[in-house]
Amino acid sequence: MPEVIDARAKPCPQPVLLAAEALKRSDDVTVIVDNAGSQHNVVKFGKTQGCGVSAEIKPDGIYVRLTKTAATPKPEPANATGIVIFIGSDVIGRGENTELGSLLMQSFLNTLQSLPGRPETIIFMNNGVKLVTQGSHVLGELKQLADSGIELLACGTCLSRLGLADKIAVGQVSNMFTIADTMLRAAKVVSL
């Protein structure tokens, strides 16, 4: 019988954290969530843990089942990775001239492409998620960075709160669990 965790109405990253705790106690966990973002996050987490994953939509929620198998390896602590850039705004700087801040952001992202010490991941949060959405003035730069192998993670909660969840044009929607884990494993985090 699976351990059942009711994570409906829980904000990110609570459904993932509850799933992680339950997997320490049980080999069979069902997490009930109430939105596609939480479903995606729990499914992604389960896969990173080597679990079998299934999801079923029912009238009262989305039931995500995580099942450890005999072959499920125990996750090893991840080694430090390279550089992570954290972008929390759609402009660089705090001055009143947002046009200048926007130009500086575009110049920074364009310059990253030609530097040898490039980041492994760029994380976008708060108003920074506006940069990865349709109509962004830096989509060209970000697409080139993504095509060169740099991981682009956008905060799903931020996209939702800003009404941009369906407008992402580059990178992937992420969650606080993955973002925090990525930052803590990084050898260096650069915050703009």
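**Exercise 1: the overall picture**

Count the helices and strands in the protein chain, then describe its extent and its contacts.

*Solution.* Step 1: the secondary structure comes to 6 helices and 9 strands. Keep in mind that this is a predicted model.

Step 2: along its principal axes, the C-alpha trace spans about 60 × 35 × 25 Å.

Step 3: the chain has 192 residues, and buried residues make up 38% of them.

Step 4: now look at contacts with a separation of 6 or more. Residues 24 or more positions apart account for 69% of those contacts.

**Exercise 2: getting to know helix α2**

Find out how far α2 reaches, what happens at its start and just after it, and what its buried residues pack against.

*Solution.* Step 1: α2 (36-48) has 13 residues and reaches 18 Å from its first C-alpha to its last. At 1.5 Å a residue you'd expect 18 Å, so the two values are close, given that the expected span is 1.5 Å times one less than the number of residues.

Step 2: check the start of the helix. A side-chain oxygen of Asn35 comes within 3.1 Å of the backbone nitrogen of Gly37 there.

Step 3: go to the other side. Gly50 follows α2, and its phi is positive, near 80°.

Step 4: pick out the buried residues of α2, which are Ser38, Asn41, Val42, Val43, Phe45 and Gly46. They pack against two other helices, α1 (14-25) and α6 (176-185), and against strands β2 (28-33), β3 (52-58), β4 (61-67) and β8.

**Exercise 3: a pocket and its lining**

Describe the second largest pocket: its volume, its lining and the elements that contribute to the lining.

*Solution.* Step 1: the volume of the second largest pocket is about 380 Å³.

Step 2: 17 residues line this pocket, and Asn35, Gly37, Gly156, Thr157 and Ser160 are the closest to its centre.

Step 3: α2, α5 (156-161) and β8 (172-174) each give two or more residues to the lining.

Step 4: sort the lining by type and you get 6 nonpolar, 9 polar and 2 charged residues.

Step 5: zoom in on Ser160, which sits in helix α5. Its relative accessible area is 48%, so Ser160 is partly exposed, since that class runs between 20% and 50%. For a sense of distance, the C-alpha atoms of Ser160 and Asn97 are separated by 27 Å, and the two residues are 63 apart along the chain.

**Exercise 4: Thr121 and its surroundings**

Is Thr121 buried or exposed, and which residues does Thr121 touch?

*Solution.* Step 1: locate Thr121 in strand β6 (residues 121-124).

Step 2: the relative accessible area of Thr121 is 5%, and the cut-off for buried is under 20%, so Thr121 is buried.

Step 3: leave aside the neighbours within four places in sequence. Thr121 is then in contact with Ile83, Val84, Ile85, Ile150, Glu151, Leu153 and Thr182.

Step 4: one of these contacts deserves a second look. The side chains of Thr121 and Glu151 are joined by a polar contact of 3.0 Å.

**Exercise 5: backbone angles in the loops**

Describe the peptide bond from Cys12 to Pro13, then work out the phi values of Ala9 and Asn126.

*Solution.* Step 1: the peptide bond from Cys12 to Pro13 is cis, with omega near 5°. Pro13 belongs to the loop between β1 (3-6) and α1.

Step 2: Ala9 is also in the loop between β1 and α1. Ala9 isn't a glycine, yet its phi is positive, about 65°. With a relative accessible area of 67%, Ala9 is exposed.

Step 3: Asn126 lies in the loop between β6 and α4 (139-147). Asn126 has a positive phi too, near 50°, and is partly exposed, with a relative accessible area of 49%.

Notes: Residues numbered from 1 in each chain as written. Predicted model: local features only at pLDDT ≥ 70, side-chain atom pairs only at ≥ 80, totals over all residues. Heavy atoms only, no water. 1 Å grid on protein atoms, 1.4 Å probe; cavity = no way out; pocket = protein on both sides within 12 Å on 5 of 7 lines; lining within 4 Å. Points joined across faces, edges and corners; volume = space filled by probe spheres on them. Helix = DSSP H or I, 4+ residues; strand = E, 2+ residues; numbered from the N terminus. Nonpolar A, V, L, I, M, F, W, Y, C, P; charged D, E, K, R; others polar. Buried < 20%, exposed > 50% of the residue type's maximum accessible area, 1.4 Å probe, protein only. Contact = heavy atoms within 4.5 Å. Polar contact = N/O pair within 3.5 Å; in protein donor to acceptor, adjacent residues only side chain to side chain.
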